[in-house]
Amino acid sequence: MKISDAKVFVGGPAKNYVTLKIMTDQGIYGLGDATLNNRETLPAAYLQDYLIPNLIGMDPRNSEDIWQFFYRGAYFRRGPIAMAAFGAIDMALWDIKGKLANMPLYQLFGGKSREGAMVYAHATGADLEDLMDSISAYVEEGYKAVRVQCGIPGMPGASYATPEKRGNTRNYITSYKGIRPKIEIWDTDRYLRFMPDALAAIRERFGPELKILHDVHHRLTPREAAELAKAVEPTRLFWLEDPTPAENQDVLQLIRQHSTTPIAIGEVFNSIWDCNRLIENELIDFIRVAVTYAGGITHVKRIVDLAGLHNVRTGFHGAPSHSPISMAAQAHLNAWAPNFGIQEYLVLGTPECEALFPSNHRMENGLVHVSDAPGLGVDFDEKEAERYDYQPGSHPVVRLEDGTVWNY
Ligand code: CS2
Ligand code: MG
């Protein structure tokens, strides 16, 4: 069996999805997602210029060897662009493997460990009351877990928290249009004065059962992160996400020394080498990698297994920039993983998105039920894809009030 051709498509409704289709000489094809939010053309170029010409003629069943060939063979290892490109190839090869076996992927991993995988949605509010309404709407729909982000008084424009800049949560887009980033202002003091009480008020309003998550989005120093984690302890969060950039990883000890609030980190990690110390030292409770830019199913499964040895559960990244293809790959891992925790779930879910990526994965009462179709269980309509072009976008750049550049 040989890979006969492969094509890359960039575009989609509201997001620029980077979709890889690998064809074989036996008619079976596989699909992968290489979307790297706001840098979509880069993994696409890596695939087109370097990886696809090497893939042609390879045996698609040897997904491990192909992964090693590209990863070790690149010499300059890792990084989000390369790992997103390898990730898409890897997903597509697993898709082919599942179709050949006539089995859904979770069966090839070891079968189902659960019927449905708990997901969380994003509730956002311009202020606390607005946020409460957004949470209520999700609770009424049956969600068991909600990430809560709120506009901070006196601090306009922490956009990852407020709906008005992003549209409502269902169509929320983690980018601004155009290449030049918008500037947003951040003030740590205002945030730290406001957020612990806001989270406590949410717990008070919704009771003990709701799983409450909050994303700090890398805005605090380790000392400030420890202060926040300690202050929110009585609220019993499901997790506190990215309280500080995980670059100086040893200082994450500081958070552990001061608090038992569960910590989730990893949406920007690209490999096991970004998180092995955090996992082995049990400095995090949830690992947030995505199958897309952490090298696909082959590599993420290794991370999941390492995490399982150290009381770390999964909480894969699932921002709306992931296409239904990588969300399907994650649905199969979630169905299997003995140390599954939760799945961030923001699939666009619009009729346009469903027409482009038909599938039987379904969400019900806050749980994702994985498709039983062979392989990934998601298809790609090339005719529909012709409707969409690449639209440049950018993440915001954050500055402090005095102009100092800060972390997005
Ligand atoms: C966020 C993301 O989903 C999350 O937890 O941190 O929305 C993040 O801002 C985007 O994925 C950036 O591309
Ligand atoms: Mg996040």
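Colleague: I'm looking at Glu-384 here. How do I read it: buried or exposed?

Modeller: The idea is to look at the relative accessible area, and under 20% means buried. Glu-384 comes out at 18%, so it counts as buried. Keep in mind that this is a predicted model.

Colleague: Where does Glu-384 sit, and what is it in contact with?

Modeller: Find helix α13, residues 382-385; Glu-384 is in that helix. To read contacts, set aside the neighbours within four places in sequence, and Glu-384 is then in contact with Glu-352, Ala-355 and Leu-356.

Colleague: Let me try another one. Is Thr-261 buried or exposed?

Modeller: Use the cut-off again: buried is under 20%. The relative accessibility of Thr-261 is 4%, so Thr-261 is buried. You'll find Thr-261 in the loop between α8 (253-258) and β10.

Colleague: Which residues does Thr-261 touch?

Modeller: Not counting residues up to four places away in sequence, Thr-261 touches Ala-229, Val-232, Glu-233, Leu-237, Leu-240, Arg-256 and Asp-285.

Colleague: Now the metal. Which residues coordinate the magnesium ion (ligand 2)?

Modeller: Look for the side-chain atoms that act as donors. For this magnesium ion they come from Asp-215 (OD), Glu-241 (OE) and Glu-267 (OE), at 2.0 to 2.2 Å. Along the chain, those donors follow the spacing D-x25-E-x25-E. Asp-215 and Glu-267 are 52 residues apart, so to speak distant parts of the chain that the pair links. Asp-215 belongs to strand β8 (residues 211-215), while Glu-267 is in the loop between β10 (263-265) and α9 (276-280). Both Asp-215 and Glu-267 are buried.

Colleague: Let's zoom out. How many helices and strands does the chain have?

Modeller: The chain has 13 helices and 18 strands. To judge how they pack, compare the radius of gyration with the globule rule: the chain has 21 Å, close to the 22 Å given for 408 residues, so it is as compact as a globular protein of that length. The C-alpha trace spans about 60 × 45 × 45 Å along its principal axes.

Colleague: What share of the residues counts as buried?

Modeller: That's 59% of the 408 residues. You can also ask how far apart in sequence the contacting residues are. Taking contacts with a separation of 6 or more, 73% are between residues 24 or more positions apart.

Colleague: And what about the surface and the charges?

Modeller: The chain exposes about 16300 Å², with carbon and sulfur atoms supplying 50% of it. For charges, compare the mean positions: those of the 40 positive and 51 negative charges are 2 Å apart.

Methods
Residues numbered from 1 in each chain as written. Chains lettered and ligands numbered in written order. Predicted model: local features only at pLDDT ≥ 70, side-chain atom pairs only at ≥ 80, totals over all residues. Heavy atoms only, no water. Donors = N, O, S within 2.8 Å, 3.2 Å for Na, K, Ca; no water. Helix = DSSP H or I, 4+ residues; strand = E, 2+ residues; numbered from the N terminus. Buried < 20%, exposed > 50% of the residue type's maximum accessible area, 1.4 Å probe, protein only. Rg over C-alpha atoms; globule rule 2.2 N^0.38 Å. Contact = heavy atoms within 4.5 Å. Areas by Shrake-Rupley, 256 points an atom, 1.4 Å probe, with all protein chains shown as cover. Lys, Arg positive; Asp, Glu negative; His and termini not counted. Charge placed at Lys NZ, Arg CZ, Asp CG, Glu CD.
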